Amino acid sequence: MDIKKIIEDIVAKLKSDEALQKQFLSDPAGALKKLTGIDIPTDQIDSVVAGVKAKLTSDNVGDVVKGLGNLFKK
């Protein structure tokens, strides 16, 4: 199972669907099962959830930094 690919796919789907974002925040395991269509093993679910949260956070930080950079351009 390619966890990195799964995380990237999940992040893309979460970014495009606000209802799924809310479900992910309230029930990450259920949201992951709905998004992937597979039942991720319990020993891997925490890693996937952490990876998705980290990716979402890093992407948002990157967008903010890009926006700040544009403030100083003429």
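Analyst: A helix is a DSSP run of H or I with at least four residues, numbered from the N terminus. The model discussed here is a predicted one. In this model, Gly30 is found in helix α3, which covers residues 28-36.

User: How many helices and strands are there in the chain, and in what order do the elements run?

Analyst: The chain has four helices and zero strands. Read from the N terminus, the elements therefore run α-α-α-α.

User: What makes Gly30 partly exposed rather than buried or exposed?

Analyst: The relative accessible area of Gly30 is 23%. Buried requires a value under 20% and exposed a value over 50%, so a residue in between is partly exposed. Gly30 is therefore assigned to that class. As to its placement, Gly30 is ten residues from Ile40 in sequence, and the two C-alpha atoms are 9.9 Å apart in space.

User: Which residues of α3 are buried, and why are they said to line one face of the helix?

Analyst: The buried residues of α3 are Ala31, Leu32 and Leu35. Viewed down the axis of α3, these residues fall within an arc of 100 degrees, so they line one face of the helix. After α3 comes Gly37, which has a positive phi, near 80 degrees.

User: Why is the relation of α2 to α3 given the name it has?

Analyst: The axes of α2 and α3 cross at roughly 135 degrees and come within 5 Å. An angle over 145 degrees would count as roughly antiparallel, and 65 to 115 degrees as roughly perpendicular, so the remaining case applies. α2 is therefore oblique to α3. On the side of α2, the contact is made by Leu20, Gln23, Phe24, Leu25 and Ser26, and on the side of α3 by Pro28, Gly30, Ala31, Leu32, Lys34 and Leu35. By class, the residues of this contact are seven nonpolar, three polar and one charged. Gly counts as polar, and Gly30 is one of the residues of α3 in this contact.

User: What makes α1 and α3 roughly perpendicular?

Analyst: Their axes cross at roughly 95 degrees and come within 10 Å. Since 65 to 115 degrees is the range for roughly perpendicular, the value satisfies the criterion. α1 is therefore roughly perpendicular to α3. In this contact, Ile6, Ile10, Lys13 and Leu14 of α1 meet Leu32, Leu35 and Thr36 of α3. The contact of α1 with α3 comprises five nonpolar, one polar and one charged residues.

User: Why is α1 called oblique to α2?

Analyst: The two helices pack at an angle of about 120 degrees, with axes 6 Å apart. The upper limit for roughly perpendicular is 115 degrees, and roughly antiparallel begins over 145, so an angle between these limits is oblique. That is the reason α1 is described as oblique to α2. Lys13, Leu14 and Lys15 of α1 meet Leu20, Gln21 and Phe24 of α2. The classes represented are three nonpolar, one polar and two charged.

User: How do you know that Leu14 and Val11 are buried?

Analyst: Both residues lie in helix α1. The relative accessibility of Leu14 is 1%, and the relative accessible area of Val11 is 3%. The threshold is under 20%, so each value qualifies as buried. Setting aside residues up to four places away in sequence, Leu14 touches Leu20, Gln21, Phe24, Leu35, Val52 and Leu56. From Leu14 to Phe24 there are ten residues in sequence and 8.2 Å in space, C-alpha to C-alpha. Val11 and Lys55 are 44 residues apart in sequence, yet their C-alpha atoms are 7.1 Å apart.

User: What makes the largest nonpolar core a core, and which of its 16 residues touch the most other members?

Analyst: A nonpolar core requires buried nonpolar residues joined through side-chain atoms within 4.5 Å. Ile10, Leu14, Phe24, Leu32, Val48 and Val52 touch the most other members of this core. Helices α1 (3-15), α2 (18-26), α3 and α4 (42-71) each supply at least two of its residues. Leu32 is in contact with Ile10, Phe24, Gly37, Ile40, Ile45, Val48, Val49 and Val52, leaving aside its neighbours within four places in sequence. In soluble globular proteins, nonpolar side chains tend to be buried together.

User: How much of the chain counts as buried?

Analyst: Of its 74 residues, 24% count as buried. Among contacts with a separation of 6 or more, 53% are between residues 24 or more positions apart.

Key. Residues are numbered from 1 along each chain as its sequence is written. This is a predicted model: local features need pLDDT of at least 70, side-chain atom pairs count only at pLDDT 80 or more; totals for chains, interfaces and linings use all residues. Side-chain values use heavy atoms; hydrogens and water are left out. Buried means under 20% relative accessible area, exposed over 50%, partly exposed in between (1.4 Å probe, protein chains only). Contact means heavy atoms within 4.5 Å. The arc is that of the directions from the helix axis to the C-beta atoms. Axes are lines fitted to C-alpha atoms, for helices over the stretch in contact, and angles run from 0 to 180 degrees between N-to-C directions. Angles under 35 degrees count as roughly parallel, over 145 as roughly antiparallel, 65 to 115 as roughly perpendicular and the rest as oblique.
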